[in-house]
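Biologist: I am new to this structure and would like to know what stands behind the terms used for it. Please take me through some of them.

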Amino acid sequence: LEQKGRLQRLVAKDVQPPDPASIRVLRGHQLPVTCLVISPDDRFIFSASKDGSLIKCKWEVESGKRLCMVPGGKKGTEERHMGHASHVLCMAISSDGKYLATGDRNKLIMIWDTATCKRLHIFSGHRDAVSGLSFRKGTHQLYSASHDRCVKVWNVAENAYVETLFGHQDVITGLDSLSRECCVTAGGRDGTVRLWKIPEESQLVFYGHQGSIDCIQLINEEHMVSGADDGSVALWGLTKKKPLALAQQAHGMQEAQGLQQPYWISAVAALRNTDLLATGSHSASVKLWKCGEGFRKLEPLWDIPLVGFVNSLTFSAAGDFLVAGLGQEHRLGRWWRIKEAKNSICIIPLKRRASAPSPEVLDSS
């Protein structure tokens with residue numbers, strides 16, 4: 001397994017420019033889509049939005065049909081209703097596809113049965129909005145991050161709270177994990193990315209962005225990518241305190257209040273164990289990137305035109321499509337509205353040039 005983290009399938013060079021006409025748009029959320037996940041078998045998408053009346057949807061990828069929809073309720077009625085009573089900010093799905101976890105502005109985490117869309121449990125314990133969730137791969141251990149600056153560990157199969165980890169100096173904006181018993185977090189305005197080693201109860205602190213770090217994803221067990229509101233995208237190795245590569249103004253510049261400012265990076269996604277990345281902003285496009293050798297370079301590949309705030313980005317496990325959650329507003333606030341944007345889910349097919357198949361050992365299954 002140790003070896004697996006270093007194996008890279010080099011797929012980026014074969015990705016062709018996506019055809020805008022082939023992008024499928026799923027409509028159903030009235031308000032901005034804040035987060036989404038794809039089931040491990042790539043058949044379903046689960047999405048959530050700021051919409052109080054329509055909290056969580058399950059979609060079939062092939063047909064684009066909405067299979068179930070969980071209504072929300074008013075604050076304080078969570079016990080009686082099925083759904084959340086405030087904005088859902090994050091979600092995660094277990095690697096066996098059995099459980100879905102959703103976290104909201106009202107400090108709650110809800111656990112769902114993915115097959116039936118029935119709610120199984122509510123975890124409370126965070127003292128502020130829940131902003132990041134991730135299941136440890138191959139287990140039912142759940143990590144959660146919050147604006148209360150801490151990370152909590154839960155055992156979903158046993159409905160149990162395990163422990164709380166402290167260290168960030170500002171709200172945590174994102175979290176991710178893979179197979180190892182650790183997770184990584186983005187610490188917003190405290191300017192740090194952290195790697196939490198759960199059994200050792202220790203953390204590593206990384207510095208590199210100038211602005212608020214808003215999103216983070218592991219690429220493999222050794223490397224991660226993060227994005228910030230200063231417009232930068234960083235590539236990190238988990239053994240180095242500074243970024244291996246940093247792309248400034250990754251989505252270009254915008255005119256805001258008479259000033260030139262970089263477009264914020266609001267979402268990052270990695271096709272696990274490969275060299276392919278995607279980043280989102282509100283710059284009217286999603287960008288695909290190739291990680292150069294040793295993760296020391298970020299090379300832009302293609303722009304995919306999409307209007308709106310890209311609040312969530314996820315690659316399918318097989319890497320044959322990318323899903324973007326779009327909104328007229330940023331998932332965390334209402335600083336601006338992009339009126340012409342549609343609150344929607346976009347499925348972007350990724351075609352590859354036929355090349356020699358990767359050797360079997362490099363497979364990321």
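Biologist: In the hairpin of strand 26 and strand 27, which residue takes a positive phi?
Modeller: Gly294 does, with a phi near 65 degrees. This hairpin has 6 residues between its strands. Bear in mind that the model is a predicted one.

Biologist: What makes strand 26 and strand 27 a pair?
Modeller: Pairing requires at least two bridges. Strand 26 (residues 285–291) and strand 27 (residues 298–305) share 7 bridges in the antiparallel sense, so they count as paired. Lys287 has Asp303 of strand 27 opposite.

Biologist: Why is Thr185 called buried?
Modeller: Buried means under 20% relative accessible area. Thr185 has 0% relative accessibility, so Thr185 is buried. This residue lies in strand 15 (residues 182–186).

Biologist: Which residues is Thr185 in contact with, leaving aside neighbours within four places in sequence?
Modeller: Among them are Val151, His168, Ile172, Leu175, Trp196 and Ile216.

Biologist: What makes the link between the side chains of Thr185 and Trp196 a polar contact?
Modeller: The cut-off for a pair of N or O atoms is 3.5 Å, and one atom must be able to donate a hydrogen and the other to accept it. The side chains of Thr185 and Trp196 are joined at 2.7 Å, which is within that limit, so the term applies.

Biologist: How do you know that Val151 is buried?
Modeller: Its relative accessibility is 0%, so Val151 falls under the 20% limit. Val151 is found in strand 12 (residues 150–155). Leaving out residues up to four places away in sequence, Val151 touches Ser144, Glu163, Cys183 and Thr185, among others.

Biologist: How many strands are in the open sheet that includes strand 12, and what is their order?
Modeller: There are 4 strands, in the order 10-11-12-13, with antiparallel pairing.

Biologist: What makes strand 10 and strand 13 edge strands?
Modeller: Strand 10 (130–135) and strand 13 (160–166) each pair on one side only. From one strand to the next, the twist averages 20 degrees. Strand 10 pairs with strand 11 (residues 141–146) over 5 bridges in the antiparallel sense, and Val130 has Ser146 in strand 11 as its bridge partner.

Biologist: How many aromatic pairs does the structure hold?
Modeller: The structure holds 3.

Biologist: Why is the pair of Trp154 and Tyr161 called edge-to-face?
Modeller: Ring centres must lie within 6.5 Å, and planes over 60 degrees apart count as edge-to-face. The centres of Trp154 and Tyr161 are 5.6 Å apart and their planes stand at 70 degrees, so both conditions are met. Trp154 is buried, with a relative accessible area of 2%, whereas Tyr161 is partly exposed at 45%. Ring pairs link these two residues and Phe123 into a cluster.

Biologist: What makes Phe206 and Trp236 an edge-to-face pair?
Modeller: Their centres are 5.8 Å apart and their planes are at 75 degrees, so the definition is satisfied. The pair links distant parts of the chain, 30 residues apart: Phe206 is in strand 17 (residues 202–207) and Trp236 in strand 20 (residues 233–237). Phe206 and Trp236 are both buried.

Biologist: How far is Lys58 from the ring centre of Phe44?
Modeller: The distance is 4.6 Å, and Lys58 lies over the face of the Phe44 ring.

Conventions
Residues are numbered from 1 along each chain as its sequence is written. This is a predicted model: local features need pLDDT of at least 70, side-chain atom pairs count only at pLDDT 80 or more; totals for chains, interfaces and linings use all residues. Side-chain values use heavy atoms; hydrogens and water are left out. Helices (H or I, at least four residues) and strands (E, at least two) are DSSP runs, numbered from the N terminus. Buried means under 20% relative accessible area, exposed over 50%, partly exposed in between (1.4 Å probe, protein chains only). Contact means heavy atoms within 4.5 Å. Rings of Phe, Tyr and Trp (its six-membered ring) pair if their centres lie within 6.5 Å; planes under 30 degrees apart count as stacked, over 60 as edge-to-face and the rest as tilted. A charge sits over a ring if NZ of Lys or CZ of Arg is within 6 Å of the ring centre and within 35 degrees of the ring normal. Axes are lines fitted to C-alpha atoms, for helices over the stretch in contact, and angles run from 0 to 180 degrees between N-to-C directions.
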